[in-house]
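Ready to look for empty space inside a protein? Work through the exercises below with the structure open beside you.

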Amino acid sequence: MGILKGLKVLDFSTLLPGPFATLMLADMGADVIHVESPTRVDMVRTMEPVDREGISAAHRHLNRSKKSLALDLKNPESIDVIHSLLQEYDIVIEQFRPGVMTRLGLDYESLKKINPRIIYCSITGYGQTGPFANRAGHDSNYLSVAGVMDYSRRKGERPPVLGVQVADIAGGSLHSVVGILAAVYHREKTGEGQFIDISMTDASFSLNALYGSGYLAHGVEPQPENLTLNGGEFYDYYETKDGRFFSVGSLEPPFRKMLCESLGAVELIGIAFSENQEDKAKFKEEVATRFLTKDFHEWLEIFNDEFDGCVEPVLTFAEASEHPQIKAREMIIEVPNENGTMQKQIAFPIKFSTNPAVYRQTGGQVGEHNEAILRDYGYLKS
């Protein structure tokens with residue numbers, strides 16, 4: 001039994017932010033119905049690679065343990081079904097632009113008349129208010145407007161296109177789950193539901209916690225490759241002789257000393273702790289030069305399991321999947337498909353001492369659970 005058993009969620013979202021949020025809720029035991037269009041295909045559903053059924057691995061992962069209900073929300077009968085479900089499924093998450101759910105009659109103000117305890121979470125790029133409220137956008141746009149990407153680049157170079165969608169997940173998904181669970185706690189105490197307005201740009205802006213605070217308090221604006229943690233000092237990635245990379249985060253003095261010793265450069269200890277800018281630049285240059293003298297696997301032997309100085313290899317995802325730490329933490333699990341086969345997926349990352357994560361099945365076909373859900377609510381005869 002998951003720790004959130006008893007919570008019932010209607011998920012109207014597509015793509016990544018909303019589905020990742022409800023994936024977390026489902027993994028923790030919430031009962032999630034994913035309301036999908038029977039005609040408009042979510043692009044994640046067909047994102048390569050796909051299986052024999054034409055369903056992507058990403059869709060099967062993001063929608064595991066959820067029920068799929070295919071409804072045409074422009075059809076009044078479909079709205080009646082939603083109204084019936086709201087008697088139990090009193091947490092709603094949606095990801096349309098502001099105004100879309102209002103036009104469908106499924107906005108918060110309309111639905112709270114049916115169930116005043118409803119918790120309604122809207123995820124948008126820029127929020128429900130402000131001049132950008134109706135503006136289209138994607139992950140890189142939100143991070144850009146939030147001031148994250150300018151100082152997350154090398155001097156004189158373009159911002160990197162990240163492999164992980166930070167604004168979508170750290171901004172949209174995680175903040176949504178926090179907001180929903182806080183609202184559930186509030187409802188338990190007061191009986192009141194509420195509307196939650198999640199802006200992925202707001203949430204991304206809040207991630208500027210270390211250096212944005214310096215600008216707001218003292219006018220010191222963060223610059224590219226000019227800070228301790230963005231490559232301005234030796235905290236950085238270093239290329240090996242064969243073109244692989246290691247991450248070096250040996251900030252604390254004992255770790256920095258260990259780094260110098262492991263690089264075979266004890267003579268650098270003198271400048272390793274210097275606050276002089278020229279010394280800092282020279283130290284970083286020397287670290288880079290040393291890494292270029294050996295290949296990736298030679299450095300792996302030096303920065304082995306016994307080394308405890310914050311230096312780690314930059315692994316491919318395939319290598320990360322085989323890492324003993326990932327395996328020990330059981331971060332890869334097998335989840336049943338609807339045909340009885342098993343599929344490897346990324347596990348839920350939070351470890352509870354009781355009520356562990358639950359994995360019912362992978363995400364499947366559009367409307368896969370229509371018959372069962374509609375029969376339960378009296379729309380089909382047994």
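**Exercise 1: The cavity**

Task: Find which strand gives the most to the lining of the largest cavity.

Solution: Keep in mind as you go that this model is predicted.

- Step 1. Begin with the strand itself: β3 gives the most to this lining, with three residues.
- Step 2. Place β3 in the chain, at 66–70, and add β2, at 31–36; each of them supplies at least two residues of the lining.
- Step 3. Check how many cavities there are: the structure holds one of 30 Å³ or more.
- Step 4. Now the volume, which is about 80 Å³ for the largest cavity. Its lining has 14 residues, and the closest to the centre are Asn63, Lys66, Ser68, Gly363 and Gly364.

**Exercise 2: The character of the cavity lining**

Task: Work out how the residues lining the largest cavity divide into nonpolar, polar and charged.

Solution: Sort the lining residues one group at a time.

- Step 1. Look for nonpolar residues: there are none in this lining.
- Step 2. Take the other two groups: nine residues are polar and five are charged.

**Exercise 3: The second largest pocket**

Task: Describe the space and the lining of the second largest pocket.

Solution: Go from the space to the residues around it.

- Step 1. The second largest pocket holds about 830 Å³ of space.
- Step 2. Around this pocket are 27 lining residues, and Tyr151, Ser152, Leu229, Asn230 and Tyr237 are the closest to its centre.
- Step 3. Two or more lining residues come from each of β7 (236–239) and β8 (245–248).
- Step 4. Finish by sorting the lining of this pocket: 16 residues are nonpolar, six are polar and five are charged.

Key. Residues are numbered from 1 along each chain as its sequence is written. This is a predicted model: local features need pLDDT of at least 70, side-chain atom pairs count only at pLDDT 80 or more; totals for chains, interfaces and linings use all residues. Side-chain values use heavy atoms; hydrogens and water are left out. On a 1 Å grid over the protein atoms alone, a cavity is a set of points where a 1.4 Å probe fits but cannot get out, and a pocket is an open set with protein on both sides within 12 Å along at least five of seven lines; lining residues have an atom within 4 Å of a point. Grid points are joined across faces, edges and corners, and a volume is the space filled by probe spheres set on the points. Helices (H or I, at least four residues) and strands (E, at least two) are DSSP runs, numbered from the N terminus. Ala, Val, Leu, Ile, Met, Phe, Trp, Tyr, Cys and Pro count as nonpolar, Asp, Glu, Lys and Arg as charged, and the others, Gly among them, as polar.
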